[in-house]
Amino acid sequence: MTVTYALGVRLMAEFIGTAIMIVLGNGAVANVDLKGTKGNGSDWMMIAVGYGCGVLIPALMFGSISGNHINPAFTIGLAVSGMFPWNEVVPYILAQFAGAMVGQLIVVLTYKPHYDLTTNTQHVLGTFSTIDATKSKFNGFVNEFFGTYILILGALGITKAPFFHANVGVAHFGLGFLVATLVASLGGPTGPALNPARDLGPRIVHALLPLKHKGSSEWGYSWVPVVAPLLAGIAGVATYKFIFM
C-alpha cells in the first residue's frame, strides 16, 4: 500500500535530507582541504564517497516519503514535465535551500578550528561552494549542465525501471553510486555542484559568516551552478519522459 504523506512531513524530509547531503558531502571536502584535519591531503575519492553517501543515505531515509528530491533542478524538471505539482515547487525549494544552509553551518561548526588554521581562501570556499578550476564560466556551465543532465536522467532511469521500482533499496544504492561516479569522473573542472541548493545555499552562508580567512564568495560565478543545473534538470526529465514513458 502506498502511503501519501502530508506536505509538511515531506518538507521536513527535504529539509533534513538536504542538510545531511551537505554535511556528508561538504564535510568530506573539509576533511580533505582544511589544514590539520585527520584527512588533510587525502585524494578526490574521499570527496566522491562523501557525496555519494550524502545522496544515498537521505534516499534510503526519505525516498518513500518526499521522493528525496533534495535538488531544485529535479523538482523543477519534474514540474515542467507535469510529473510534480507546481503548487508544491516553491515549498520544496525553500526546504531544500534551508536544509543546505543548516547543513553548511554544521560543517563549519564541526571544523571551526581547521577553518581558522587554513589560510588558502580557495580551499575555504571549496568547502562551501564550487568554482571552475580554470576560472571559465563557459567551461563551468558545460560541466554543470552535462553532469546534472546525467544525474537527472540516471536518477529517473534507476528509480523508474521495473526491477529497481520493485527493489527500492537497491535503486537508492544505485543512485548513490551514480553521484559518487559523477563526482569522480566529471568533478575535476568545477567540484561539481549538480544542484542549485547545494551551491547557492552554502555560498550565502560563506558570504555571511565572519570566517578568519574567508576571501571572496565568487558571486560573479554563482549563477553558473544555478542556471546550468536547472536547465539540465528540465532537459533530463523531458528526455526520460519523451523516450521511456
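1. In this predicted model, the count of salt bridges comes to three. The points below take each pair in turn and then pass to the pockets.

2. One of the salt bridges joins the side chains of Glu 88 and Arg 10, with an N to O distance of 2.7 Å. Because Arg 10 belongs to helix α1 (residues 7–33) and Glu 88 to the loop between α3 (72–80) and α4 (89–117), this pair ties together parts that are 78 residues apart in sequence. Glu 88 has a relative accessible area of 13% and is therefore buried, and Arg 10 likewise counts as buried, at 13% relative accessibility.

3. A salt bridge also links Lys 112 with Asp 116, and here the closest N and O atoms are 2.9 Å apart. The two residues both lie in helix α4, four residues apart, which corresponds to about one turn of the helix. As for exposure, Lys 112 is partly exposed, its relative accessible area being 35%, and Asp 116 is also partly exposed, with a value of 25%.

4. Arg 203 and Asp 199 form a further salt bridge, in which the closest N and O atoms are 2.7 Å apart. Since they stand four residues apart in helix α9 (residues 196–208), Arg 203 and Asp 199 are separated by about one helical turn. Both Arg 203 and Asp 199 are buried, whereas Lys 112 is partly exposed, as is Asp 116.

5. Turning to the pockets, the largest has a volume of about 910 Å³. Its lining comprises 36 residues, and those that lie nearest the centre of the largest pocket are Gly 67, Asn 68, His 69, Phe 74 and Thr 159. Two or more lining residues come from each of the elements α2 (44–62), α3, α6 (137–160), α7 (162–165) and α8 (168–186). Sorted by class, the lining of the largest pocket holds 23 nonpolar residues, 11 polar residues and two charged residues.

6. The second largest pocket encloses about 380 Å³ of space. It is lined by 22 residues, of which Trp 44, Gly 126, Ile 131, Thr 190 and Gly 191 lie nearest the centre of this pocket. The elements giving two or more residues to the lining of the second largest pocket are α1, α2 and α5 (121–126). By class, this lining has nine nonpolar and nine polar residues, together with four charged residues.

7. Read together, the two pockets share a contributor: helix α2 gives two or more residues to the lining of the largest pocket and also to that of the second largest pocket.

Definitions and conventions
Residues numbered from 1 in each chain as written. Predicted model: local features only at pLDDT ≥ 70, side-chain atom pairs only at ≥ 80, totals over all residues. Heavy atoms only, no water. Salt bridge = Lys/Arg side-chain N within 4 Å of Asp/Glu carboxyl O. Buried < 20%, exposed > 50% of the residue type's maximum accessible area, 1.4 Å probe, protein only. 1 Å grid on protein atoms, 1.4 Å probe; cavity = no way out; pocket = protein on both sides within 12 Å on 5 of 7 lines; lining within 4 Å. Points joined across faces, edges and corners; volume = space filled by probe spheres on them. Nonpolar A, V, L, I, M, F, W, Y, C, P; charged D, E, K, R; others polar.
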